[in-house]
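Colleague: I should like to learn how to read a structure of this kind. May we go through it feature by feature?

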Amino acid sequence: MANDKDFVVNGPVVVGKDTKVTVGTITASAIDLSTGNYFDDTLAANTTYTISNAGAVQAFQLEVTGASTYTITWPSSIEWAGGVAPSAPANGETDVYTFTTDDGGTTYTGVQ
């Protein structure tokens, strides 16, 4: 733009679109991405998560509520921001983890 008079906006500007959140199911610590893109779980024991049915490019979130002193074992396919997998949330606390894949689920990037 040469100056502020070259560009005039009349009315609202919309950037992007709404993101549809579909609550998926976790069965026996298995996260099935064909059922949704938002999952929640309350730990009832030490938990080892598995992830299946990722799309070619996909993102999803997992909300975990801690109970007792349970631990989480994450799939080795997750590359965590900072290089270290986070611990399970403390008793009564809730953490949300975001995962993305761009290779059909061969690897994921995870962020707490």
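Modeller: The following exchange goes from the whole chain to its sheets, and then to one residue. Please keep in mind that the model is predicted.

Colleague: Which elements make up the secondary structure of the chain, and how many are there?

Modeller: The chain has zero helices and 10 strands. Read from the N terminus, the elements therefore run β-β-β-β-β-β-β-β-β-β.

Colleague: What share of the chain is buried, and how much area does the chain expose?

Modeller: Of the 112 residues, 31% are buried. The exposed area comes to about 7,200 Å², of which carbon and sulfur atoms supply 51%. As for contacts between residues at least 6 apart in sequence, 48% join residues at least 24 apart.

Colleague: How should I read the pairing of strands?

Modeller: Strands of a sheet pair through backbone hydrogen bonds, and the pairing is either parallel or antiparallel. Here, three strands form an open sheet with mixed pairing, in the order β1-β2-β5.

Colleague: Why is one side of β1 and of β5 left without a neighbour in that sheet?

Modeller: Strands β1 (26-27) and β5 (50-52) stand at the edges and each has a single partner strand, so one side of each has no neighbour in the sheet. Strand β1 runs antiparallel to β2 (residues 30-32), and two bridges join them. One bridge partner to look for is Ala30 in β2, which pairs with Thr27.

Colleague: In what order do the strands of the five-stranded sheet stand?

Modeller: The order of that open sheet is β3-β6-β9-β10-β8, again with mixed pairing. Its edges are β3 (38-42) and β8; each has a single partner strand, so one side of each lacks a neighbour in the sheet. From one strand to the next, the twist averages 25°.

Colleague: Which strands are joined to β10, and do they run parallel or antiparallel to it?

Modeller: Strand β8 (residues 78-80) runs parallel to β10, with three bridges between them. Ile78 has Tyr108 of β10 as its bridge partner. Strand β9 (residues 94-101) pairs with β10 in the antiparallel sense, also over three bridges. Among the partners across β9 and β10, Thr98 is matched with Val111, and Phe99 is matched with Gly110. The hairpin of β9 and β10 has six residues between the strands, and Gly104 there takes a positive phi near 70°.

Colleague: How do I tell the two faces of a strand apart?

Modeller: In a regular strand the side chains alternate between the two faces of the sheet. In β10 (residues 108-111), the covered face holds Tyr108 and Gly110, whereas Thr109 and Val111 belong to the uncovered one.

Colleague: Let us end with a single residue. Is Thr101 buried or exposed?

Modeller: Thr101, which lies in strand β9, has a relative accessible area of 4%. Buried means under 20%, so Thr101 counts as buried.

Colleague: What does the side chain of Thr101 reach, and which residues does Thr101 touch?

Modeller: The side chain of Thr101 reaches the backbone nitrogen of Gly105 at 3.0 Å. A polar atom of that side chain also lies 2.7 Å from the backbone oxygen of Thr107. Leaving aside residues up to four places away in sequence, Thr101 touches Ala54, Gly55, Ala56, Val57, Gln58, Thr106, Thr107 and Tyr108. Tyr108 has already appeared on the covered face of β10 and as the bridge partner of Ile78.

Conventions
Residues are numbered from 1 along each chain as its sequence is written. This is a predicted model: local features need pLDDT of at least 70, side-chain atom pairs count only at pLDDT 80 or more; totals for chains, interfaces and linings use all residues. Side-chain values use heavy atoms; hydrogens and water are left out. Helices (H or I, at least four residues) and strands (E, at least two) are DSSP runs, numbered from the N terminus. Buried means under 20% relative accessible area, exposed over 50%, partly exposed in between (1.4 Å probe, protein chains only). Contact means heavy atoms within 4.5 Å. Accessible areas come from the Shrake-Rupley method with a 1.4 Å probe; for residues, only the protein chains shown count as cover. Two strands pair if DSSP finds at least two bridges between them. A polar contact is a pair of N or O atoms within 3.5 Å; within protein, one must be able to donate a hydrogen and the other to accept it, and residues adjacent in sequence count only if both atoms are side-chain atoms. Axes are lines fitted to C-alpha atoms, for helices over the stretch in contact, and angles run from 0 to 180 degrees between N-to-C directions.
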